[in-house]
Amino acid sequence: QVHVVESGGGLVQPGGSLRLSCAASGSFGSIRPMGWHRQAPGKERELVAGIILAGITNYADSVKGRFTISRDSAKNTIYLQMNSLKPEDTGVYYCNAGARDYRGTYRDDYWGQGTQVTVSS
């Protein structure tokens, strides 16, 4: 099994900052949190930022220069530092993790429950 837990969301004014955390754990092998996605009301879920084992990161164009994804390998946790927040950043932010199950099959679609981010004055 894989457990993915996000935290750090909240209400913030435009121009403000938030830091999200995502911790992954469980009994499967090679569990690793991989990225942040968000889903705005009435829209599909989209990738915001990802980080791979080598530490290489990628970002959606809409957040480049404002968001930073980082990792604490010892805690098996990734973070999303969000600065200069805009109303269009509002949505539920989800973290996904990858893991290898008991049969050795690798999947990267283990999701947490999400954390709400609302940017509003």
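Ring pairs join Phe-28, Tyr-102 and Tyr-110 into a cluster, and this cluster offers a way into the structure, which is a predicted model. Across the whole structure, a search finds two aromatic pairs. In one of them, Phe-28 and Tyr-102 meet edge-to-face, with 4.7 Å from centre to centre and 80° between the planes. Phe-28 belongs to the loop between strand 3 (18-26) and strand 4 (29-39), while Tyr-102 belongs to the loop between strand 9 (91-100) and strand 10 (106-111), so the pair ties together parts that are 74 residues apart in sequence. The two partners can also be described by their exposure. Phe-28 has a relative accessible area of 17% and is buried, because a residue counts as buried under 20%. Tyr-102, at 64% relative accessibility, counts as exposed.

Phe-28 also forms an aromatic pair with Tyr-110, again edge-to-face, at 6.2 Å centre to centre and with 75° between the planes. Here the loop between strand 3 and strand 4, which holds Phe-28, is connected to strand 10, which holds Tyr-110, so the pair ties together parts that are 82 residues apart in sequence. Both Phe-28 and Tyr-110 are buried.

Aromatic rings also meet charged side chains in this model. Arg-19 is placed over the face of Tyr-79, 4.0 Å from the ring centre. Arg-45 is placed over the face of Trp-111, and its distance from the ring centre is 4.6 Å.

The discussion now turns to the chain as a whole. The secondary structure of the protein chain consists of eleven strands and zero helices. For 121 residues, a compact globule would have a radius of gyration near 14 Å, and the value for the protein chain, 14 Å, agrees with this. Taken along the principal axes, the box filled by the C-alpha atoms is roughly 50 × 30 × 20 Å. Of the 121 residues, 40% count as buried. The protein chain exposes about 6,600 Å², of which carbon and sulfur atoms supply 48%. Among contacts in the protein chain with a separation of 6 or more, 56% are between residues 24 or more positions apart.

What lies in the interior? The largest nonpolar core has 28 residues, and those that touch the most other members are Trp-36, Val-48, Phe-67, Leu-80, Met-82 and Tyr-93. Two or more residues of this core come from each of strand 1 (2-7), strand 3, strand 4, strand 5 (46-51), strand 7 (67-72), strand 8, strand 9 and strand 11 (115-119).

Leu-80 serves as an example from this core. Leu-80 is found in strand 8 (residues 77-82), and its relative accessible area is 0%, which makes it buried. Leaving aside residues up to four places away in sequence, Leu-80 touches Leu-18, Arg-19, Leu-20, Trp-36, Val-48, Ala-49, Phe-67, Thr-68, Ile-69 and Tyr-93. One of these, Arg-19, is the residue that lies over the face of Tyr-79. The C-alpha atoms of Leu-80 and Met-34 are separated by 11 Å, although the two residues are 46 residues apart along the chain.

Met-82 is a further member of the core. Outside the residues up to four places away in sequence, Met-82 touches Gly-16, Ser-17, Leu-18, Leu-20, Arg-66, Phe-67, Tyr-93 and Val-117.

Conventions: Residues numbered from 1 in each chain as written. Predicted model: local features only at pLDDT ≥ 70, side-chain atom pairs only at ≥ 80, totals over all residues. Heavy atoms only, no water. Phe/Tyr/Trp six-rings, centres within 6.5 Å; stacked < 30°, edge-to-face > 60°. Helix = DSSP H or I, 4+ residues; strand = E, 2+ residues; numbered from the N terminus. Buried < 20%, exposed > 50% of the residue type's maximum accessible area, 1.4 Å probe, protein only. Lys NZ or Arg CZ within 6 Å of the ring centre and 35° of its normal. Rg over C-alpha atoms; globule rule 2.2 N^0.38 Å. Contact = heavy atoms within 4.5 Å. Areas by Shrake-Rupley, 256 points an atom, 1.4 Å probe, with all protein chains shown as cover. Core = buried A, V, L, I, M, F, W, Y, C linked by side-chain atoms within 4.5 Å.
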